Structure formats: structure tokens, C-alpha cells
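Colleague: I am new to this structure and would like a close look at a single part of it. Please take me through the aromatic side chains and their surroundings, step by step, and then set them beside the main fold.

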Amino acid sequence: MEIWGGLECSINRIGNQYFNQLEHAGYDSRPSDLKAISALGITSIRYPILWEKHQPQQNTVIDWDKTREELLYLRGQNIEVIAGLVHHGSGPLYVDILDDSFSSGLAQYAQQVATDFPWINHYTPINEPLTTARFCGLYGLWWPHERNDYSFLKILFQECKATVLAMEAIRTVNPKAKLVHTEDLGKTHSTAPLSYQADLENKRRWLGLDLLCGRVHQNHPLYPYLIENGITKEEIAFFETSIGMPDILGFNYYITSERFIDEDLDAYPTHTHGGNSTHQYADIEAVRSSKVNILGPYPLLKEAWQRYGISLALTEVHLHCTREEQMRWLQYIHQEAKKLEIEGVDIKAITIWALLGAFGWDKLLTQPKGNYESGVFDIRSGKLRPTALTAMVKALTKNENFHHPVIAGGGWWEKNYRVLYGNLAQEVVGNFNGQPILILGKTGTLGNAFAKICAKRDLHFKLFSRAELDIINPAQIEQIIIEEKPWAIINTTGFVRVDDAEEEQEDCYNSNTIGCKNLAILCKKHHVKLLTFSSDLVFDGVKNHPYTEDDEVNPLNIYGKSKVHGEHEVLQHHPNALVIRSSTFFGPWDEYNYIYQVINCLKAGLPFIAPHDVMVSPTYVPDLVNTSLDVLIDNESGIWHLANVGGISFAAFALLVAKHQGLDESLIIAKPIQEINLSAKRPSYSVLASKHGCLLPTLNDALKRYFQEVKLYDFMY
């Protein structure tokens with residue numbers, strides 16, 4: 001079983017606007033991407049030669065220069081190309097996916113591709129025809145935004161006809177060309193009253209493949225459905241004489257591929273509601289319901305193998321989740337595929353999908369660009385940054401065992417806490433025998449946040465107080481490391497009282513410099529990853545635009561100086577350590593933050609004094625912790641800036657909070673920092689940005705989630 005790779009390359013149409021994933025990813029501006037991809041060791045790549053991109057105007061001469069250069073490079077690396085011609089698209093503006101202009105147009109384009117690149121032996125003319133037909137013709141999400149069975153079926157028939165004609169055209173140039181046909185590997189589960197609807201959907205999921213394999217005729221179980229919804233006998237007859245039998249059946253299995261439909265509408269949010277002419281029902285991800293257990297890829301692939309007897313491949317393996325869950329998902333899919341291979345199923349490969357990540361799938365590609373989810377590489381810095389998945393994929397391509405402590409424990413889809421609708425007994429999480437993460441700072445905001453989020457992410461950890469592990473005591477640190485055998489230590493301890501530091505300099509330096517140095521020396525000695533935190537107060541504020549990691553430090557107070565010295569000591573003694581600078585943070589799980597101070601003061605009817613001339617990057621603790629963990633798992637090192645995007649003054653921040661809570665804004669007293677009696681000098685500007693890209697959401701987005709979380713937390717506790 002081989003390891004293939006693929007680029008998320010959808011070009012879908014909303015109205016008259018095309019959304020281009022590779023354009024969002026800046027792919028064309030980075031000529032070195034394929035070099036990094038080829039270094040993974042993959043044997044084949046699903047490479048986009050997309051119709052909408054290369055021939056947006058009819059009868060134009062196609063400029064193949066960049067495509068030719070890349071294809072020749074891949075050929076030189078002995079990486080087989082699987083050419084994708086349409087990926088969730090409806091074709092250029094001059095064709096209509098509802099009629100033969102689409103199928104005949106794609107055939108003409110396919111022949112041009114084959115003529116110019118005769119050495120390409122594998123093609124996917126259309127990716128996931130059934131999924132595209134549903135989104136375009138049944139759900140109205142993509143062009144032509146129809147919501148009826150007739151449009152759905154017309155689009156599906158056109159896509160399948162286009163696949164047949166495209167392969168016929170390609171084979172006039174290259175008779176050896178093979179069809180790698182891809183489709184979603186879905187399954188619909190249901191309550192008993194909706195079994196008829198589930199039965200229809202479970203038969204319909206094979207319809208595209210049945211057409212290509214010449215299986216749709218008068219005895220096909222969906223034949224009456226096709227005729228009743230406007231498909232003609234002539235349209236069906238085309239596939240009886242023009243068979244487009246795939247050479248490889250590529251299936252894409254996502255955690256959302258299995259669905260559950262339930263007529264109990266009150267049990268589900270309104271956005272899940274839909275129905276047919278007989279019943280209204282909710283349509284949800286099966287994994288989120290307590291009423292059903294998902295089957296997973298193993299039995300579904302086996303079903304496809306038994307039905308068609310054609311070589312299989314998993315042509316997209318990807319999960320939008322935390323880093324360890326992405327790794328757990330890949331391991332899970334790989335193991336399921338290996339089981340099939342051992343049983344004699346001809347499974348050619350699994351495909352590492354979204355190598356560069358993807359944009360906007362959380363909104364089903366209905367909005368421009370959309371939120372980014374990283375893949376094997378993270379591209380937010382404008383260049384490819386390898387994630388932990390990179391090392392995992394390289395190991396798989398070499399058929400080597402891959403180990404990382406965070407993979408232990410299984411994925412969230414296997415746990416009871418996967419359930420959002422219904423109830424299952426909650427199992428204990430974070431209970432592993434493997435190497436833990438040691439979190440230092442049991443009494444602090446950040447330490448407790450790491451513990452809470454590690455538990456939620458099922459990461460094995462142990463939380464220590466200063467009494468249990470004092471970083472000023474090297475012997476105690478080493479003893480704990482030897483006993484616990486951690487793979488990483490997260491240090492959230494430190495002297496944090498900025499003004500008191502001016503008088504308590506020795507204590508400040510002991511905690512923020514000497515203690516960090518001790519940790520670095522001993523973590524290096526015992527091969528333990530170290531994550532520790534620094535501050536935006538290492539800067540002097542003379543800039544008027546955000547500071548990045550490359551900017552020169554020049555602290556104005558003792559606290560900032562202690563942090564600078566701490567950074568230096570850590571990286572000098574443990575170059576692979578990770579130092580994260582952040583700013584004023586706020587979180588939903590304790591009252592020791594700026595927002596609580598503002599709210600409590602205003603609720604008491606008291607004035608709240610805040611400087612209007614000090615600009616900072618308020619940072620939401622869950623965002624900071626989750627991203628810190630991802631970067632830690634990625635084995636990144638050096639200094640990183642992590643802060644929510646958006647600079648704001650303390651006074652403006654207080655006003656924003658007052659507005660959101662409907663409190664008296666007139667009680668916010670904005671003053672210059674010099675008029676506020678503070679012992680330590682602050683930089684007037686310490687907004688943070690990162691050369692690694694925007695890794696955290698915007699401040700406004702964070703505030704919205706903060707107030708939602710606080711409301712939920714107050715309700716629960």
C-alpha cells in the first residue's frame with residue numbers, strides 16, 4: 001500500500017464568483033512547494049490541472065508554462081501524477097453544468113491536457129461527482145444553487161457523462177490512461193420511521209459509480225426514482241453503451257461522511273433541520289449522536305470492494321482538528337486500510353490530503369477564503385512550515401513505525417465525549433501509561449488553563465505546584481524528570497507583578513531568569529522538550545506597528561529585563577526550547593484578568609481608570625494555550641509571538657467590554673499612563689505580530705467566544 005499526497009484545490013462557484021483554494025493558499029507565489037512535498041517520499045500526487053483556472057475563456061490558447069515546469073519536476077522525482085481536471089467545480093462561465101455544454105466542453109479540455117502532457121497516465125476528470133451534485137443541485141450551496149432532485153440528477157448525469165467523454169478523449173492520445181475516480185465514502189443512519197429516507201440515500205450514494213460501470217438500467221433499484229424526477233431513458237441509455245469503468249475507485253472518508261437523520265427536531269439546533277415531502281428531520285454528523293455508532297472506513301471500503309471488485313484507494317485523508325487529533329486520525333485510517341490489505345482487498349494507497357491545508361470548509365466554501373485549517377504544512381507565514389504530520393508522513397512512506405507520545409489514547413471520535421446530541425457516560429480522559437507533559441504552575445491562570453485544555457484534548461499531563469517542584473531547585477527538577485520521564489515540560493510559573501518587581505528584583509530574577517535557566521539545562525540533559533513564556537514588555541514601544549520575533553528587545557522595567565535574560569538563558573542552554581511571548585491575557589475560568597476587573601468595577605458603580613496611550617494585544621487564554629500546544633507538538637523552537645490579532649489601548653478595551661455588557665461607559669476614565677501611579681514604566685506600544693503568520697483569531701472573534709464561554713461556565717458552575 002502506497003502513500004500518495006494531494007492539494008486541496010477546489011474551484012467552486014458562488015453566483016458568478018469563483019473561490020479558488022490554491023489562490024487562497026498563495027500556491028503560485030511559492031515555486032519551492034513541490035520540493036518540500038516531494039521530500040515527503042510520496043509515490044503519487046493528486047495534481048490539479050483545473051479547467052476553470054486554465055481555460056476560463058472559451059477557445060483561448062492555454063498558457064501551460066508553470067504547469068509544465070511543475071509536471072516535469074514531479075516526473076523527474078518519479079512521482080506519478082494523478083491529474084485532476086474539475087474539483088468541486090461547475091466549469092467555466094461559458095458552459096452550463098445542467099446540459100451537454102459541460103460534458104462536451106470538459107472532453108475537449110481533457111484532450112488538450114493529454115496532448116500537451118502525454119506522459120500523464122492517471123486522471124480524475126471530476127472529483128466527487130455525487131458530492132458536487134448534492135451541493136450544487138440538492139442543497140443550493142454552490143452554483144447553480146438549485147434545491148431539487150431534478151437538478152441534482154441532471155448535474156450528476158452530466159458529471160458522469162463528462163467523465164466518460166473525457167477519458168475517451170484522453171485515450172485517443174494516451175491509450176494507457178487510467179481513470180482514478182473519487183467519491184465520498186458516506187453512509188446514512190436513521191431512526192426507524194426514517195429508514196425509507198436512509199435507504200434512498202444509501203442507494204443513491206452508489207449512483208454515480210453504477211452509471212460509470214454500466215449498471216443502471218430498468219432493473220436498477222433507483223430507475224423509477226430517476227424517471228420520476230425527469231431523467232430520460234436516452235440519458236440512462238448513454239451509460240449502457242458508453243461505459244467508463246474506473247481503474248481505481250478512490251474514496252474520501254471524513255469524520256462527517258456518516259450522517260444520522262432523526263425526526264425529533266426539538267433535540268437538535270435549527271440549522272440541522274430539513275426534510276422531504278413526508279417528514280421533517282434533523283440531519284447531523286452520526287459521530288455526534290448517542291443513538292448510533294459510526295461504522296468507520298473499514299466496513300464501508302469492504303462494502304465497496306465486494307460491490308465492484310475494483311482496486312481501491314483512500315484518496316483524501318484529513319481532519320480539521322488539533323495537531324494530535326490529526327495524527328491520531330491518520331494513524332487510525334492507515335491501520336484500517338492495512339487491515340483490508342492483509343485480508344486481500346486490493347487497496348492501492350492512502351492519500352495524505354490538504355498538504356497545504358484548506359480554507360473555508362467550516363462554512364462549506366460558501367464565503368470568500370474563510371477560516372484556514374493547516375495540513376501537513378502550515379502556510380500562514382507565506383512559506384511552508386512543516387507540522388508534526390510531516391515527520392509522520394515521512395515515516396509512513398518509508399514503512400517505518402512512527403511514535404509520538406501524544407498519539408496515545410485514541411481519537412475523540414472513539415470517545416463518549418464525541419456526543420453532542422444525547423447522553424453517554426463520560427469516561428476518564430488523560431489516563432495513559434506513556435510519557436506525560438509536566439505543567440508547572442498549579443496555582444496560576446495559565447497553568448490551570450493548560451491542565452484544563454490538555455484534559456479536553458486527551459493529552460497525558462501532570463500538574464505541579466511550586467511546593468512540589470520549585471524551579472529554583474535544580475536537584476528537585478532533575479529528580480522529578482527522572483521519576484516522571486516527561487516528553488515535555490510547560491513552564492507557566494514566574495514573577496508576574498510588574499510594579500512589585502521594581503522593589504523585589506531578586507525574587508523577580510530568580511523566577512524569571514534563574515529558574516528558567518535551570519529548567520533549560522536539565523531539559524536539555526534529559527532530552528525533554530521545554531516550553532516557557534515571556535512577555536510583550538521586552539520591547540520599548542518606539543515602534544508604531546506590531547513587533548515581530550525579529551525586532552530588537554529593549555525593556556523599560558525590571559520585569560521586562562528579567563524576561564529578556566530568561567529568554568537568553570533558555571535558548572543558550574537548550575536551543576530546541578520554545579519561548580512564547582504573549583500579552584495581557586483574559587480567560588473564562590478565573591477572575592484574575594482585566595475584563596473581570598472592568599466588569600466588577602462598573603457593576604459596583606465605581607469609576608475605572610485606564611490608560612488611553614498604551615497599546616497592547618489582549619490575548620484569549622484558550623487560543624493561546626491551544627496554539628502553544630500545537631506548536632509544541634510540531635517541535636518548533638526559538639521565540640514565537642502568540643497574540644490575538646488586533647492592537648487596542650487599555651481604555652478602548654475597557655470601553656469595548658462595557659459596551660458588550662451594557663454597562664455604564666461613562667465610568668471609564670481614560671488617562672495618560674503618566675497620570676496613573678505605576679512604579680514600572682510601560683512601553684506605549686507593545687502590540688505583537690508573528691513572522692509565522694496570524695496563528696490566533698482576531699480580538700473581536702476572541703471576545704465573542706469569551707463571553708459565550710463565561711455565560712456557559714457560570715451556568716454550569
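**Aromatic pairs and the barrel**

Modeller: Trp-51 is a good place to begin, because its relative accessibility of 0% makes it count as buried, the limit for that word being under 20%. Please keep in mind throughout that this is a predicted model. The structure holds 30 aromatic pairs, and one of them joins Trp-51 to Tyr-94, with 6.5 Å from centre to centre and 80° between the planes, an edge-to-face arrangement. Trp-51 belongs to helix α3 (residues 51-54), while Tyr-94 sits in the loop between β5 (80-87) and α5 (100-116), so this pair ties together parts that lie 43 residues apart in sequence. Tyr-94 is not buried but partly exposed, because its relative accessible area is 25%, whereas buried would require a value under 20%.

A second pair is formed by Phe-117 and Trp-119, whose ring centres are 5.7 Å apart and whose planes stand at 80°, so this pair too is edge-to-face. Here Phe-117 is the buried residue, with a relative accessible area of 0%, and Trp-119, at 23% relative accessibility, counts as partly exposed.

Further along the chain, one aromatic cluster is made up of Phe-586, Tyr-594, Phe-608, Tyr-620, Phe-650, Phe-653, Tyr-706 and Phe-707. Rings also meet charged side chains: the charged end of Arg-204 sits over the ring of Phe-152, at 5.1 Å from its centre, and Lys-543 lies over the face of Tyr-547, again with 5.1 Å to the ring centre.

The fold itself can now be added to the picture. Eight strands make a closed barrel with parallel pairing, in the order β1-β4-β5-β6-β7-β9-β13-β14, and neighbouring strands of this sheet are turned against each other by 25° on average, direction ignored. The strand β5, which precedes the loop of Tyr-94, is thus one of the barrel strands.

To follow one seam of the barrel, look at strand β9 (residues 248-252) and strand β13 (residues 312-317), which run parallel and are joined by four bridges; Leu-249 has Leu-312 in β13 as its bridge partner. Helix α13 (residues 323-342) lies across β13, and also across β1 (2-6) and β14 (347-352), running at about 175° to β14.

Technical notes
Residues are numbered from 1 along each chain as its sequence is written. This is a predicted model: local features need pLDDT of at least 70, side-chain atom pairs count only at pLDDT 80 or more; totals for chains, interfaces and linings use all residues. Side-chain values use heavy atoms; hydrogens and water are left out. Two strands pair if DSSP finds at least two bridges between them. Helices (H or I, at least four residues) and strands (E, at least two) are DSSP runs, numbered from the N terminus. Axes are lines fitted to C-alpha atoms, for helices over the stretch in contact, and angles run from 0 to 180 degrees between N-to-C directions. Contact means heavy atoms within 4.5 Å. Rings of Phe, Tyr and Trp (its six-membered ring) pair if their centres lie within 6.5 Å; planes under 30 degrees apart count as stacked, over 60 as edge-to-face and the rest as tilted. Buried means under 20% relative accessible area, exposed over 50%, partly exposed in between (1.4 Å probe, protein chains only). A charge sits over a ring if NZ of Lys or CZ of Arg is within 6 Å of the ring centre and within 35 degrees of the ring normal.
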